[in-house]
Amino acid sequence: MSNLIKLENLTIGYEKKGLLRTTDIAIENGQFWGILGPNGSGKSTLLKTILSLIPPIEGKVTSENAVVFGYVPQNEKFDQIFPISVFELVSMGRYSRVPPGKKLSTGDRDVIEESLKKVGIAHLSERSFRSLSGGEKQRSLLARAIAGEPDILVLDEPTAAVDIKGEAQIMSLVKSIKQESGLAVLMVSHFLNTISAFSDHIILIDKDNDIFQAGDKAEILNSENLNKFFGLNLDIERINEIQAIERLT
Amino acid sequence: MTTFAEFINSYFLWKDPMIVGAAAGAVCGFLGVYVVLRRIIFVSAALTQISSFGVGLAFYLEAYSLGVFASLFDPFILSLLLTCLAAVFFALKRDFSRVSTEGVIAFGFLLASGAVVIIGDKITKGAHDIANILFGSAVVVDPADVLIIPAVALVVFIIHLIYYKDFIFISFDSETARLFKYPVRLLNTGLLITIAVVVAVTTRALGALPVFALLALPALASLLITENLKLVFIFSVVIGILSATLGYFFSFILSLPTGASMTVCAVAFFILALGLRELRKG
């Protein structure tokens with residue numbers, strides 16, 4: 001497996017102020033990384049630094065040449081004043097491969113329609129994005145992310161605004177897209193159960209307590225970390241995809 | 001009051017202002033969609049005032065330069081220059097040392113508004129033109145505007161046709177656009193410069209008040225009557241044209257100030273759209 005992204009000697013932060021020093025990480029093809037931490041812990045800052053949307057305070061983020069990101073931002077960041085259709089929204093995901101001043105080709109349109117079908121919202125294509133339910137909006141954003149045929153799917157709190165059923169559907173879709181396309185996934189969440197159920201690698205982050213741990217899921221989700229990080233008195237007996245934490249004591 | 005027959009017979013009087021009004025209404029209506037969707041209505045208000053200030057400043061400098069540099073202070077060029085500089089400033093500057101962006105826009109608006117009134121008070125020559133620019137009371141237009149404004153409108157429409165997807169993308173989701181390596185700052189500046197150029201050329205012909213109205217109200221009305229973005233642009237252009245031409249028509253037959261008449265027509269379309277929306281909801 002090749003390294004898609006490497007974090008080296010990285011310190012993340014805003015406006016030249018360092019928030020947290022990270023350990024070195026390499027994200028490889030086919031891996032599922034979960035970034036886990038409480039609200040305001042620096043998850044989104046880390047994610048935006050990895051995406052080069054904000055510069056690191058120290059160190060560097062290197063990515064393989066021409067790595068294509070499929071990005072699912074937080075739903076509430078979009079201004080509801082825009083009357084764009086689902087098709088127009090999903091088309092934007094394809095713009096990673098269509099430079100400024102160029103129009104979408106017939107081939108691009110086929111990929112967009114295929115993406116809509118993959119997430120089960122082809123029938124909503126002409127609907128206004130702002131009129132959709134929370135779950136439908138997340139599916140649309142997922143379709144947008146895969147329309148660019150990405151190497152890495154990046155999800156920022158994809159299940160924050162949906163109910164349990166919606167969360168299960170979204171995560172099941174993410175899982176099937178990953179399996180089908182073999183892409184890497186990087187997901188931010190503050191839900192321990194979601195991250196532990198789907199990730200194979202985890203980053204624990206909390207800038208206020210200067211915590212940054214990254215590695216294999218079994219290595220990171222140990223009793224000591226869960227106690228220190230979440231204040232939970234837990235024994236980890238077994239970790240698998242169905243049930244991350246087998247027994248509470 | 002002039003009758004409709006008299007209006008038709010006065011074709012030679014209103015042909016040019018109608019052409020200018022229709023072109024200005026179309027292009028302001030189109031760009032107004034971006035102004036409203038990006039929530040920068042007060043940027044357009046500040047730009048119209050800065051454009052007016054440019055014209056006033058040119059008259060002032062001309063009056064006090066003893067005629068030596070008179071040709072350097074062309075009101076159109078100075079207005080265009082200042083408006084474009086302001087647009088670039090608004091597009092690029094993000095950190096205003098603890099003053100909010102809205103605060104800086106209000107600062108630009110108030111500074112330009114105050115300065116143009118002071119300048120108008122200090123000079124006698126051109127005072128009438130300054131009043132026209134502020135309130136749009138000009139019944140006739142400069143013959144050059146009959147060519148300049150439709151030509152500017154055409155160029156702006158061509159630029160926006162080419163970069164439509166990009167301007168929408170950076171306006172809706174600039175973060176993902178940056179992730180995809182789109183030149184967001186350049187596109188933002190380009191978009192605001194097209195708005196600035198249109199504001200500069202149309203403010204001189206129609207006045208600050210109707211240009212501000214045409215940049216805001218047709219787009220606001222269109223957003224009330226359709227959920228389809230492309231139709232929003234089309235309706236906004238049509239409402240912009242109708243507001244400008246009907247405004248001119250009513251000002252002609254009822255002897256009203258032209259700019260105010262155009263503004264009231266645009267307001268009427270907005271109220272009509274609001275009524276239509278309420279009817280559909282009911």
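**Close-up 1. Helices α11(B) and α12(B) are oblique to each other in this predicted model, because angles under 35 degrees count as roughly parallel, over 145 as roughly antiparallel, 65 to 115 as roughly perpendicular and the rest as oblique.** Here the axes of α11 (residues 208-225) and α12 (residues 229-254) of chain B come within 8 Å and cross at roughly 130°. Axes are lines fitted to C-alpha atoms, for helices over the stretch in contact, with angles running from 0 to 180 degrees between N-to-C directions. The crossing of α11(B) and α12(B) is right-handed (near helix turned clockwise from the far one by less than a right angle; anticlockwise would be left-handed). On the α11(B) side, the residues that meet α12(B) include L214(B), P218(B) and L223(B); across from them, α12(B) brings in V232(B), F235(B) and I239(B), among others. Contact means heavy atoms within 4.5 Å.

Some housekeeping: residues are numbered from 1 along each chain as its sequence is written, while chains are lettered from A and ligands numbered from 1 in the order in which they are written. The model is predicted, so local features need pLDDT of at least 70 and side-chain atom pairs count only at pLDDT 80 or more, with totals for chains, interfaces and linings using all residues, and side-chain values use heavy atoms, leaving out hydrogens and water.

**Close-up 2. Chain B is built from 13 helices and zero strands.** Helices (H or I, at least four residues) and strands (E, at least two) are DSSP runs, numbered from the N terminus. Of the 282 residues of chain B, 53% count as buried (under 20% relative accessible area; exposed is over 50%, partly exposed in between, with a 1.4 Å probe and protein chains only). Take the contacts in chain B between residues at least 6 apart in sequence: 76% of them join residues at least 24 apart. Mean pLDDT, the predictor's confidence in each residue from 0 to 100, is 88 for chain B, and 89% of its residues reach 70 or more. Among the elements of chain B, α6 (residues 127-135) has the lowest mean, 63, and α8 (residues 164-172) the highest, 97.

**Close-up 3. I19(B) sits in helix α2 (residues 11-37) of chain B.** I19(B) is partly exposed, at 36% relative accessible area. Neighbours within four places in sequence aside, I19(B) is in contact with V146(B) and P150(B). L57(B) is 38 residues from I19(B) along the chain, and their C-alpha atoms are separated by 28 Å.

**Close-up 4. An open sheet in chain A lines up six strands as β6-β7-β8-β4-β9-β10, with mixed pairing.** The edges belong to β6 (69-72) and β10 (211-216) of chain A, each with a single partner strand, so one side of each has no neighbour in the sheet. Neighbouring strands are turned by 10° against each other on average, direction ignored. β6(A) pairs with β7 (residues 152-156) of chain A in the parallel sense over four bridges; two strands pair if DSSP finds at least two bridges between them. V72(A) has L155(A) in β7(A) as its bridge partner. Helix α4 (residues 134-147) of chain A packs on the sheet, touching β6 and β7 of chain A, and its direction makes about 165° with that of β6(A).

**Close-up 5. S125(A) lies in the loop between α3 (106-118) and α4 of chain A.** S125(A) counts as buried, at 12% relative accessibility. Its contacts beyond four places in sequence are S85(A), V86(A), F87(A) and L116(A). E113(A), in helix α3 of chain A, is partly exposed at 40% relative accessibility. From E113(A) to F87(A) the C-alpha distance is 8.1 Å, with their positions 26 residues apart in sequence.
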